[in-house]
Amino acid sequence: MDEGYSVGRLAAVAKVTVRTLHHYDRIGLLVPGGRTPAGYRCYGEAELDRLQQILFYRELGFPLEEIAAILDDRTVGPSEHLRRQRELIGDRIRKLEELAAAVERAMEARTLGIQLTPEEKFEVFGADYQEDWEDEAERRWGATDAWKQSQRRTARYTKADWERIKAEADGVNDALVAAFTAGAAPGGEQATAVAEQHRRHIGRHFYDCGPQTHRCLGDMYLADPRFTETYERLAPGLARWLRDAIHANADRLEREG
């Protein structure tokens, strides 16, 4: 706009405080393009663009001094800045996905009552494992019979047992992905067979998992984004396909009595 932005208006547009803009001015990071006749700061479109760049790098954790050096590098043009930002965003997404996976592994471990030392948990479930994530699972399922049964069964498992169980679970997941990517219909013979493999794995190692319990688990894989993400990382669309295959298999088992 021809009249530019006052410091208050720019703060409102960018969702920062006036104090922040004053600080950026003092350190030379974002200097107003001009002043009003009354002496107030006035920012133009160029300053607005620079502020957007500043806030982007701040969101990624860059210190102000480094941001200034990046933006004042005359050898880097706008297209190069956009390419760099795309790469940085990609890195952030990958890191968040890794953290989400670590949270999921921790919740799974707590749900199943894993009895391992902290060091062994890291070895079996990954370096990002954090024990404080286990509390949520206990709050959600601690009063259920399945939780109590799982606690009794898993209390005697050794590290070697957990490594074997995890390898078996990975095999089940591989079978799910193979059936899904082959285009198997959720209600077809191949899909219900791998859904049954999934159900029996749970029942064999953790708690009795009848058709209705398994059906509820399938629903949770869609209702809880963290569980959904676990299967979506294996193959996009797998979570819903697995839920439908579990339901179809549960219906089959109930029909057969």
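**Notes on a pocket and two buried residues**

1. The lining of the second largest pocket splits into four nonpolar, three polar and three charged residues (Ala, Val, Leu, Ile, Met, Phe, Trp, Tyr, Cys and Pro count as nonpolar, Asp, Glu, Lys and Arg as charged, the others, Gly among them, as polar). A pocket here is an open set of points on a 1 Å grid over the protein atoms alone, where a 1.4 Å probe fits, with protein on both sides within 12 Å along at least five of seven lines; lining residues have an atom within 4 Å of a point.

2. Before going on: this is a predicted model, where local features need pLDDT of at least 70 and side-chain atom pairs count only at pLDDT 80 or more, while totals for chains, interfaces and linings use all residues. Residues are numbered from 1 along each chain as its sequence is written, and side-chain values use heavy atoms, with hydrogens and water left out.

3. Mean pLDDT (the predictor's confidence in each residue, from 0 to 100) is 83 for the protein chain, with 82% of residues at 70 or more. Among its elements, H10 (residues 189–205) has the highest mean, 95, and H6 (residues 118–125) the lowest, 52. Where pLDDT is low, the predicted coordinates should not be read in detail.

4. The chain has 13 helices and three strands (DSSP runs numbered from the N terminus: H or I, at least four residues, for helices; E, at least two, for strands). Of its 257 residues, 39% are buried (under 20% relative accessible area, with over 50% exposed and partly exposed in between; 1.4 Å probe, protein chains only).

5. Back to the pocket. Its lining includes Arg50, Gln53, Leu71 and His81. H3 (45–59) and H5 (78–111) each give at least two lining residues, and H5 has the largest share, three.

6. Ile70 is worth a look beside that pocket's helices. Ile70 sits in H4 (residues 64–71) and counts as buried because its relative accessible area is 12%. Beyond four places in sequence, Ile70 is in contact (heavy atoms within 4.5 Å) with Tyr57, Phe62, His81 and Arg84. His81 also lines the pocket. From Ile70 to Gln53, 17 residues apart along the chain, the C-alpha separation is 9.8 Å.

7. Thr228, in H12 (residues 225–234), is buried too, at 16% relative accessibility. Leaving out residues up to four places away, Thr228 touches Tyr221, Leu222 and Ala239. A polar atom of the Thr228 side chain lies 2.4 Å from the backbone oxygen of Tyr221. The C-alpha atoms of Thr228 and Arg240, 12 residues apart along the chain, are separated by 8.2 Å.

Methods
Polar contact = N/O pair within 3.5 Å; in protein donor to acceptor, adjacent residues only side chain to side chain.
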